[in-house]
Amino acid sequence: MYNNRRNNRFSIFIAAIIVSLLVLLTGCASTKKETDLAKPVAEDSSNPVTLTVYLTAHYANPDTHCPIYEKLLDYQKENPNITIQFVSPKEGDTAEREAEIHQLNTEILSGKGPDLFIMEGNRLTNVNLFPDIEKSMMNGAFLDLTDVMDSNEFTAENFYMPLLDAGKPKGKQYILPLCFSVPALTSAESVLKDSGFDMQAASKSLAATMDELLRVYKEKPMLVVMDFSMTSALSQPIIDYKNHTINLDTVSCRQTLAYEKEFRTGEISYEMQNGLFDSFNPEVVQDYFANGEPFASLDPSYMTVGLLRQCAALGIKTVTLPIPNELGGVTAEIGSYAMGNRNTKHPTEVKALLAYLLSEECQSSSAFADKDMFPVRRGCLKKCMEAQYQFSVYDASHEKIGQEDIENRKEMYGDNLTDAQLDQLETICDKINAAQYHTIWYRALQLDQSEDGGNLLSETMVQYWNDEITLDELVDRLTPRLKLYLDE
């Protein structure tokens, strides 16, 4: 049976998939809570403009000063004709937040709403704006940004283009990604070398990587942490909005679902045998991970960064490899992203601010609403990672912290990534040939209720993991439901 003794983040994941999600054109929506930034200098401007910016309350909190908040302050200072007002519904899955989101959605549908949206990557609850971002994009909810792309040198030389292309259906750019993660396998260098793990063979495809891990496991039993959605690593998405197809009943998807079940619930699963793996505990990393317990951690890179920082502080050499898609490349998952409201009365100013968020200055400063993500602009990774570490440990947020707090944070967050670690991560990024927005297909999507009143989709997945139904039955049950959702 499926064991709920999961990694801490996976426990959150399981809780999230049980949550019912009513996915509409723009999701459930909200009233706005506006926080004015500093007033513009009137004499410096003949055309003052107020831009309302949707940003999650955590990142728009003036007492926290997250990097994205800092850079928006800088932008306002450098452009005295611009006043920025944050629209930030309350945090938490509360009735109050849901009411705010609902009111905000009503405003958007009536031709109003914020001028610009800066979104987090995860869309896990029914109290988020635009929970199905791709459906909203396909239905024309956002400002056409194609000219922003064309006039700001958004080219393959400067950006990881598959990520930008994900926001470009039918030839027009509607969404600009700000950051991303990649699926990665991380192991201690000596452990991986001694195991005989064939990196070249594993690099050919997702199936090849899993087969190589299983081969090593059979020869010398070991355990792995598996904390990512394997189907999100495929280049072919489950719900394909552009081609209007459901790809659940494909060879690659079926194969991936079978591997995911084995690695989550089988004997190779570290969590099934030992419970949680605390990658933020230096003693655990030093005494266990460095010696192959677990043998490897398979995670989205934003989860891997914390482990790598611990290893950097402890002097443990690591190897981080891409978990390839079925084509042998890498599928990036888009984190934070930004777009303009098609109803904005200030399209020129909105486009200028969006272009600023993709500037080298902002990308190097980690100016986006997700933690430990990679910048979409090439050449910014090292400075971006340093900026995120600086914020986490030394508190660039201007909180009132003492030396004791800093020492505690150093213990938790380790050290800056080494040059070798950064080189490995950049090598993975260079292999990106596909990109997807955060998948909602079995984490939160509400297709219907089960007989017990739960989420039919998520409960069907758990039944498959628990051997209560076969893979054929899962595919047969969910494919028509997903098709109906796509056709809505």
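What follows is a conversation between a visitor and a guide about a predicted model of one protein chain.

Visitor: What makes up the secondary structure of the chain?

Guide: The chain has 20 helices and 16 strands. Of its 488 residues, 59% count as buried. Among contacts between residues at least 6 apart in sequence, 78% join residues at least 24 apart.

Visitor: How do you know how much confidence the predictor has in the chain?

Guide: From pLDDT, the predictor's confidence in each residue. The mean pLDDT of the chain is 86, and 86% of the residues reach 70 or more. Over residues 1-45, however, pLDDT stays under 50. The model still has 144 contacts beyond four places in sequence for residues 1-45. Where pLDDT is low, the predicted coordinates should not be read in detail.

Visitor: Why is Gln 363 called buried?

Guide: Buried means under 20% relative accessible area. Gln 363 has a relative accessible area of 0%, so Gln 363 is buried.

Visitor: Where is Gln 363, and what does Gln 363 touch?

Guide: Gln 363 belongs to helix 15, residues 360-364. Not counting residues up to four places away in sequence, Gln 363 touches nine residues' worth of listed partners, including Leu 178, Phe 368, Pro 375, Arg 377 and Cys 384. Leu 357 is one of the residues touched as well, and the Gln 363 side chain reaches the backbone oxygen of Leu 357 at 3.5 Å.Visitor: What makes that a polar contact?

Guide: The cut-off for a polar contact is a pair of N or O atoms within 3.5 Å. The distance from the side chain of Gln 363 to the backbone oxygen of Leu 357 is 3.5 Å.

Visitor: Why is Ser 151 called exposed?

Guide: Exposed means over 50% relative accessible area. The value for Ser 151 is 56%, so Ser 151 is exposed. Ser 151 lies in helix 5, residues 146-151. A polar atom of the Ser 151 side chain lies 2.7 Å from the backbone oxygen of Asp 147.

Visitor: Which residue, 204 residues apart from Ser 151 along the chain, has its C-alpha atom 9.5 Å from that of Ser 151?

Guide: That residue is Ala 355, which lies in helix 14, residues 347-357.

Visitor: Is Ala 355 buried or exposed?

Guide: The cut-off for buried is under 20%. Ala 355 has 14% relative accessibility and therefore counts as buried. Its contacts, leaving aside neighbours within four places in sequence, are with Val 148, Asn 152 and Phe 154. The C-alpha atoms of Ala 355 and Val 148 are separated by 6.7 Å, although the two residues are 207 residues apart along the chain.

Visitor: What makes the phi of Glu 153 worth a remark?

Guide: The phi of Glu 153 is positive, about 55°, although Glu 153 is not a glycine. Glu 153 is in the loop between helix 5 and helix 6. With a relative accessible area of 59%, set against the cut-off of over 50%, Glu 153 is exposed.

Visitor: Which value does phi take in Ser 366, and is Ser 366 buried or exposed?

Guide: Phi of Ser 366 is near 60°, again a positive value in a residue other than glycine. Ser 366 is in the loop between helix 15 and strand 15. Its relative accessibility is 3%, which is under 20%, so Ser 366 counts as buried.

Visitor: Why does Lys 112 count as exposed?

Guide: Its relative accessibility is 56%, and the cut-off is over 50%, so Lys 112 counts as exposed. Lys 112 lies in the loop between helix 3 and strand 4. Leaving aside neighbours within four places in sequence, Lys 112 is in contact with Glu 107, Asn 341 and Asn 343. The C-alpha atoms of Lys 112 and Arg 342 are separated by 9.2 Å, with these positions 230 residues apart along the chain.

Visitor: Which peptide bond is cis, with omega near 5°?

Guide: The bond from Glu 293 to Pro 294. Pro 294 lies in the loop between helix 12 and strand 11.

Visitor: Why is helix 16 called oblique to helix 17?

Guide: Two packed helices are described by the angle between their axes and the distance between the axes. Helix 16 and helix 17 pack at an angle of about 135°, with their axes 8 Å apart. Angles over 145 degrees count as roughly antiparallel and 65 to 115 as roughly perpendicular. The angle of about 135° falls in neither range, so helix 16 is oblique to helix 17.

Visitor: Which residues of helix 16 and helix 17 meet?

Guide: In helix 16 they are Tyr 389, Phe 391, Ser 392, Val 393 and Tyr 394. In helix 17 they are Ile 406, Arg 409, Lys 410 and Tyr 413. The residues of this contact divide into six nonpolar, one polar and two charged.

Visitor: How do you know which are the two charged residues?

Guide: Asp, Glu, Lys and Arg count as charged, and the contact includes Arg 409 and Lys 410 in helix 17.

Methods. Residues are numbered from 1 along each chain as its sequence is written. This is a predicted model: local features need pLDDT of at least 70, side-chain atom pairs count only at pLDDT 80 or more; totals for chains, interfaces and linings use all residues. Side-chain values use heavy atoms; hydrogens and water are left out. Axes are lines fitted to C-alpha atoms, for helices over the stretch in contact, and angles run from 0 to 180 degrees between N-to-C directions. Helices (H or I, at least four residues) and strands (E, at least two) are DSSP runs, numbered from the N terminus. Angles under 35 degrees count as roughly parallel, over 145 as roughly antiparallel, 65 to 115 as roughly perpendicular and the rest as oblique. Contact means heavy atoms within 4.5 Å. pLDDT is the predictor's confidence in each residue, from 0 to 100. Buried means under 20% relative accessible area, exposed over 50%, partly exposed in between (1.4 Å probe, protein chains only). A polar contact is a pair of N or O atoms within 3.5 Å; within protein, one must be able to donate a hydrogen and the other to accept it, and residues adjacent in sequence count only if both atoms are side-chain atoms.
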